[in-house]
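Got the viewer open? Clear any old selections and get your colouring tools ready, and we'll walk through this one stop by stop.

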Amino acid sequence: MRVLITGGAGFIGSRIATAHVARGDDVLVIDNLDTGLRSAVPAGAEFVHADITDASATADCFARFRPELVSHHAAQMDVRRSIHEPSYDTEVNVLGSVNILRNCVEVGVGRLVFASSGGAIYGEPVTIPAAEDSPIRPLSMYGAAKYCVEQYLATFARLYGLHYTILRYANVYGPGQRPDGEAGVVAIFAGLMLEGRRPELFGAGDKTRDYVYIDDVVRAALLATDRGGAGPYNIGTGVQTSDRGVFDAVAAAVGYRGEPTIGPERKGEVRHIALDCRKAEREFGWRATTNFASGIAATVQHLRVAHRG
Ligand SMILES: NC(=O)c1ccc[n+]([C@@H]2O[C@H](COP(=O)([O-])OP(=O)(O)OC[C@H]3O[C@@H](n4cnc5c(N)ncnc54)[C@H](O)[C@@H]3O)[C@@H](O)[C@H]2O)c1
């Protein structure tokens, strides 16, 4: 199968690209290397340095490669930046996505998989774990843009018959994750502890998130492509882990014995969330299987090597 992956030089996209190459697919990665790394693109995948907002560069890629599947992972993924620079966030996350959708229709792509965010679109959920039919009340422009693209997908489907699958990821962590991503706290705490510095907890450290390991996410993306419908599908664990819980897990993996410093509560952040992922299990047989402590140990091990290098 010919698979075009936007954002395929990034944390999640590069791992999905690797999985497609491993199963014998032809892979083309489009990425502007804003946060991604050229070195993360797997050998065996073609790489085009282009921006998803560039109509002519993307049209050339689609016309030449004629993808059967598009995995759309390119995004401005910094939630705080979306609040400070909402126009920039819209340009990349909405207009760039619409440009990709338009290209899909132009060349008759069989299916598009979209990386949405379960951590950002529900806002503060009424019921935890939040299922896919929970009220959509984002607390950031990033979340609003992700939901906006979900609506564009449904509209493109009604107008042009585009087939798509929406995956609403929880906070994805693992080797190669970025400190400014949605699960940034894992990389931040680990980086500081490995340098012997004290991490800061904001507020009481009782804010909770649903942390899902990268390998589980990659498996979900491939299974959903093969067997899923339009979704949306939450991809998480259903478990809430507090900032203090992350601190303790990372400290255990690093062998760090200090205590955190306590900073003021940060405004505009979701306080508690976890995702109900039973729909993904029912419809394509996926559930997260990585235990948090072992996922954290693998992440810390990766950072330890990177720190030494
Ligand atoms: N990491 C998480 O916890 C998480 C949670 C929910 C959803 N997501 C979504 O999953 C996707 C991948 O996230 P990630 O964590 O791998 O982030 P990442 O920053 O590592 O990957 C994003 C990639 O997109 C590229 N990119 C950014 N702007 C671009 C543009 N205008 N044109 C072309 N390429 C561009 C970047 O260079 C990068 O390689 C994103 O859509 C993100 O919103 C991530």
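What follows is a short tour of a predicted model, going from the domains to the ligand and then to a few backbone details.

**Stop 1: colour the domains.** Select 2-171 plus 212-235 and give that set one colour: this is domain 1 in the domain assignment of the protein. Now select 174-210 plus 238-308 and pick a second colour for domain 2. If you drop a marker at each C-alpha centre, the two markers will sit 23 Å apart.

**Stop 2: look at the seam.** How many residues of domain 1 are in contact with domain 2? There are 41 of them, and they meet 38 residues on the domain 2 side. Between them, the two domains bury about 3,300 Å², and carbon and sulfur atoms account for 57% of that. Show F11, N171 and Y213 as sticks: in domain 1, these lose the most area to domain 2, and together they make up 20% of what that side buries.

What about polar links across the seam? Hunt for salt bridges between domain 1 and domain 2 and the count is zero. Polar contacts are another story: 14 residue pairs make them across the two domains, counting pairs with both residues at pLDDT 80 or more.

Next, switch to cartoon and stay on the side of domain 1 that touches domain 2. Several elements give two or more residues to it, among them helix 1 (11-22), helix 3 (79-84), strand 6 (164-169) and strand 10 (211-213). Which element gives the most? Select 214-227: that's helix 8, with seven residues on this side. Colour the side by residue class and you'll get 23 nonpolar, nine polar and nine charged residues.

**Stop 3: centre on the ligand.** There are 31 residues around the ligand. Select I12, D31, T35, Y142 and V172 to see the ones that come nearest.

Then draw a few distances:

- From a polar backbone atom of F11 to an oxygen atom of the ligand: 2.8 Å. F11 is one of the residues you already have as sticks from the seam.
- From an N or O atom in the D31 side chain to a ligand oxygen: 2.5 Å.
- From an N or O atom in the D51 side chain to a ligand nitrogen: 2.9 Å.

**Stop 4: a long-range pair.** The structure holds 15 salt bridges. For one of them, select D215 and R15, where the closest N and O atoms are 2.6 Å apart. Trace each residue back to its element: D215 belongs to helix 8 and R15 to helix 1, so to speak a link between distant parts of the chain, 200 residues apart.

**Stop 5: backbone oddities.** Where are the cis peptide bonds worth a look? Start with I128 and P129, joined by a cis bond with omega about 0°. P129 is in the loop between helix 5 and helix 6 (141-160). Move on to G231 and P232, another cis bond, with omega about 5°. Here P232 lies in the loop between helix 8 and strand 11.

Finish at L33, a residue other than glycine that has a positive phi, near 60°. You'll find L33 in the loop between strand 2 (26-31) and strand 3 (45-49).

Notes
Residues are numbered from 1 along each chain as its sequence is written. This is a predicted model: local features need pLDDT of at least 70, side-chain atom pairs count only at pLDDT 80 or more; totals for chains, interfaces and linings use all residues. Side-chain values use heavy atoms; hydrogens and water are left out. Domain bounds come from an automatic or database domain assignment. Contact means heavy atoms within 4.5 Å. Buried area is the accessible area (1.4 Å probe) that two parts lose on being put together, summed over both. A salt bridge is a side-chain nitrogen of Lys or Arg within 4 Å of a carboxyl oxygen of Asp or Glu. A polar contact is a pair of N or O atoms within 3.5 Å; within protein, one must be able to donate a hydrogen and the other to accept it, and residues adjacent in sequence count only if both atoms are side-chain atoms. Helices (H or I, at least four residues) and strands (E, at least two) are DSSP runs, numbered from the N terminus. Ala, Val, Leu, Ile, Met, Phe, Trp, Tyr, Cys and Pro count as nonpolar, Asp, Glu, Lys and Arg as charged, and the others, Gly among them, as polar. A residue is near a molecule or strand if one of its heavy atoms lies within 4 Å of it.
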